[in-house]
Amino acid sequence: MFAFVIRRIIQSVLVMLAVAMIAFAMFRFVGDPVNSMLPENASTQERGELRAQLGLDAPVTVQFTRFVTGAAQGKFGISYRNKRPVSDLIAERLPATLELVFSAAIFALAVGVPMGVYTALHRRGFISNLLQIISLIGISVPTFVTGILLILVFSVWLNWLPSFGRGEVEQLGWWSTGFLTVSGLKSLILPAIMLGLFQVTLIMRLVRAEMLEVLRSDYVRFARARGLVNRAVNYGHALRNTLMPVITIVGLQLGSMIAFAIITETVFQWPGMGLLFIQAVSFADIPVMSAYLVLVSLFFVAINMIVDLLYFVVDPRLSVNNKASG
Amino acid sequence: MKNFLTTFGMMKKTLAAFALFLILATPVSAKTLRMSEGGDIAAMDPHSMTESFTIGFLNHVYEGLVKYTDELVVEPALATSWEFVEPTRIRFHLRKGVKFHNGNPFTADDVVASLLRASDDSSPVKSNIPGMASVKKIDDFTVELILSGTDPIVMNYLTNIYIMDNEWMVEHNALLPADIRKGKENFAVANSNGTGPFMLESRQPDARTVLVVNPDWWDTPKHNLTRIEFNPIASDATRIAALLSGELDFITPAPLQDINRINAANGVSVIEAPALRTIMLGMNFGEALHNSNVTDKNPLRDLRVRQALNTAINMDLIHEKVMRGKSRNSALLVAPAVPGYSAKADVRVKSDATLAKQLLAEAGYPDGFEVGFDCPNDRYVNDEEICQAITAMWARIGVKAQLTAQTKSKHFTKTLAGESDIFMVGWATLPMLDSYSVLSALLHTRGDRMGAWNPGGYSNLKIDELTDKVAVELDPDKRTAMMTEALTIARDDVAMIPLHQQPLAWGIRDGVHLKVSSDNKPRLWYVTID
């Protein structure tokens, strides 16, 4: 077990180094940050000086080594655009993104699981077919279109919910939360729906397929033979077994939701990490871009590792095999 | 759900009644202006960035010795008067009784420390005050600014150099501007202490910056605001939706394609003005083109070819179709509000494809030629669409332009490296608001201080000579005449192809009274709300 963890950690570090390397190779194509930092009437000489002082004239390999050495010490430099330490900026934005992703995941589970169960139990019902069709729309309409439509309906026409921002936030230490104020909660609704819509469809289809599978299994057939009521069989036995793969997938999807939050955050001006990243790209703000990419790869790697470890805990066969082979 | 909605509706009614009660009960009611722009201000440090929206917004918190009115005329601010002791020595008499937001009195020490800060070698804004040699305190309310040479537009520059509190800077170790090269944070980036009509209450980058009125401001306020909430919103659609839904009072910019929609909606409208920014095409004057079938020489060095390209462009069509009638076509490289502009010289050649073809034939290219064409797609109003239209117009005379439209940071990197054949660039002449800006940056032969935006390598001795004279001429009439002359030479030589001044459009809620400034900097100390 211990050897396994060590092995995974070494692999993770290699993955992150690779991500950072690819990111640095790409930065040469995002444009020259010096142009956005100096006034239009700055002279050619001033531009050259600034470029040299920032180390932008050094070869990519040198810049990369500098970045990795800094990152290893927790130093990500100062943002070209905001003039503030990148680590502070990310710490400030992280709560916004995590709260959004958390709410979207809860929304996706709360809506997706019941819909999946319903469509599995009433396979040929009219409502089931309707839900299936709606879920197709959810999976095929681009998310920014859904976002704009939500704003149009709920903000412009009905005037119920705010169209941008996070509302009032409360500070709990360094963590800023929108969960404690009315305006914060209202601001959360539309972005969470936009981000969670795709996941709703995914979870619904997954639950439906798994549920149909489990309902056909001997385990459920014997439960029915025992004379248990439908409710106990469906929810106590079938659904429980269905949820195992669902939890795995949702866990993995969390990573991609953090990444996909970029679009949602841009549409709703949600002050999270995705918005920070998009604006860094248009400014060619290299310190922010590199730190963001490394952080997101860290999330992916960490989630994957936790899922792998959970398999060990959940599935006793894995550790048995390991012992046998080792 | 229904229950919840009814409760919510009732809550809203109660709140509305409560708000009405507040308005009736308090004699001076709170007037909040909620505004939005596409991007956030860069930082609160007034010497950390020269981007014009940041500088314009910070003018509510910080002030310079002088400032622009909403008609773009220089007026006294922290200096009450000034005189030229010598052509290179200006004596400023400072305003007495001014207090910074933290209560510190404003004195000559603050001016000296601020000017030294702005012109420091590490300062990103040092090129906004290029002529300054040194600054000297005479007494507590008199300061002398010594220039390295005569500078006729030094006052225009000074509108952009804001004064900070010396004691506050010393206390917080912020005597030098925020400098990312040092790798550490500067206190002035997130905090502020100015003398302006508004004070910083709170700031969350990219989310919200709140200013409240400064009750001890030295000037009599023309505005009736008590609070300004600035919410940057990057997405155009969201920004407009927020204006339409009543969450905002004022947005900038209002995209051209949405002007009619905003005007058609209840309670909001668009105010427009021609902007200072002139959109133009620069050309490669080097030995050969980068993307062409003509490899032995550069066709663009032939005046007749440049005239042909200019004549082939039908600006009326672009004005009508691409710019929806909101732009102002231009034959000069500056807008009418900029000194050096002359209505007499501002006559565009008539668009004529036959004449253009004839000119090309005379130059030896009867079948045209291929040429690279670079445009940004997120910098100017409808930039990519303009370039597409021009590409089609040139195709009719046989010039096959290979259009590359890309994001601004990439576009300008390529262009400034001198890798473009023909490229789009816009110039507002800010911060100096003077034709000298165009002459020195775009038209002058490239050198260390000159021609920073002349990557095509245009060089005209007559224009260089006039530019150098303009730089030091103190007589405004002579100076303007020389600038007009240089601009006219550039027009006749087709040094660049001027297109138009792009429109400026702001969306506002009814009841908010505000004038569009052609430099695109909202001056909210003139705003009143009913």
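Here are a few exercises on this structure, each with a worked solution.

This is a predicted model, where local features need pLDDT of at least 70, side-chain atom pairs count only at pLDDT 80 or more, and totals for chains, interfaces and linings use all residues. Residues are numbered from 1 along each chain as its sequence is written, and chains are lettered from A and ligands numbered from 1 in the order in which they are written.

**Exercise 1. Find where confidence in chain B is lowest and where it is highest.**

Step 1: pLDDT is the predictor's confidence in each residue, from 0 to 100. For chain B the mean is 89, and 94% of its residues reach 70 or more.

Step 2: Now go element by element. Helices (H or I, at least four residues) and strands (E, at least two) are DSSP runs, numbered from the N terminus. Helix 1 (residues 2-25) of chain B has the lowest confidence, with a mean of 47, and helix 8 (residues 303-312) of chain B has the highest, at 96.

Step 3: Look at residues 18-27 of chain B, where pLDDT stays under 50 and the model has 1 contact beyond four places in sequence. Two residues are in contact if their C-beta atoms, placed from the backbone, lie within 7 Å. Where pLDDT is low, the predicted coordinates should not be read in detail.

**Exercise 2. Work out how helix 7 of chain A runs relative to helix 6 of chain B.**

Step 1: Get the angle. The axes of helix 7 (residues 143-157) of chain A and helix 6 (residues 236-244) of chain B come within 10 Å and cross at roughly 10 degrees. Axes are lines fitted to C-alpha atoms, for helices over the stretch in contact, and angles run from 0 to 180 degrees between N-to-C directions.

Step 2: Classify it. Angles under 35 degrees count as roughly parallel, over 145 as roughly antiparallel, 65 to 115 as roughly perpendicular and the rest as oblique. So helix 7 of chain A is roughly parallel to helix 6 of chain B.

Step 3: See who touches. Helix 7 of chain A brings Ile148(A), Ile151(A), Leu152(A), Ser155(A) and Val156(A), while helix 6 of chain B brings Ala237(B), Thr238(B), Ala241(B) and Leu244(B).

**Exercise 3. Do the same for helix 9 and helix 10 of chain A.**

Step 1: Helix 9 (residues 218-225) and helix 10 (residues 230-268) of chain A have axes that come within 10 Å and cross at roughly 150 degrees.

Step 2: That angle makes helix 9 of chain A roughly antiparallel to helix 10 of chain A.

Step 3: Tyr219(A), Val220(A), Ala223(A) and Arg224(A) of helix 9 meet Val233(A), His237(A) and Ala238(A) of helix 10 of chain A.

**Exercise 4. Describe the sheet with strand order 4-5-7-6 in chain B.**

Step 1: The sheet is open, has 4 strands and pairs in the antiparallel sense. Two strands pair if DSSP finds at least two bridges between them.

Step 2: Find the edges. Strand 4 (79-86) and strand 6 (132-139) of chain B each pair on one side only. The average twist is 20 degrees from one strand to the next.

Step 3: Zoom in. Strand 6 and strand 7 (residues 142-147) of chain B share 6 bridges, and Ser134(B) stands opposite Ile146(B).

**Exercise 5. Locate the cis peptide bond between Thr252(B) and Pro253(B).**

Step 1: This bond has an omega near -10 degrees.

Step 2: Pro253(B) sits in the loop between strand 11 (250-252) and helix 7 (259-264) of chain B.
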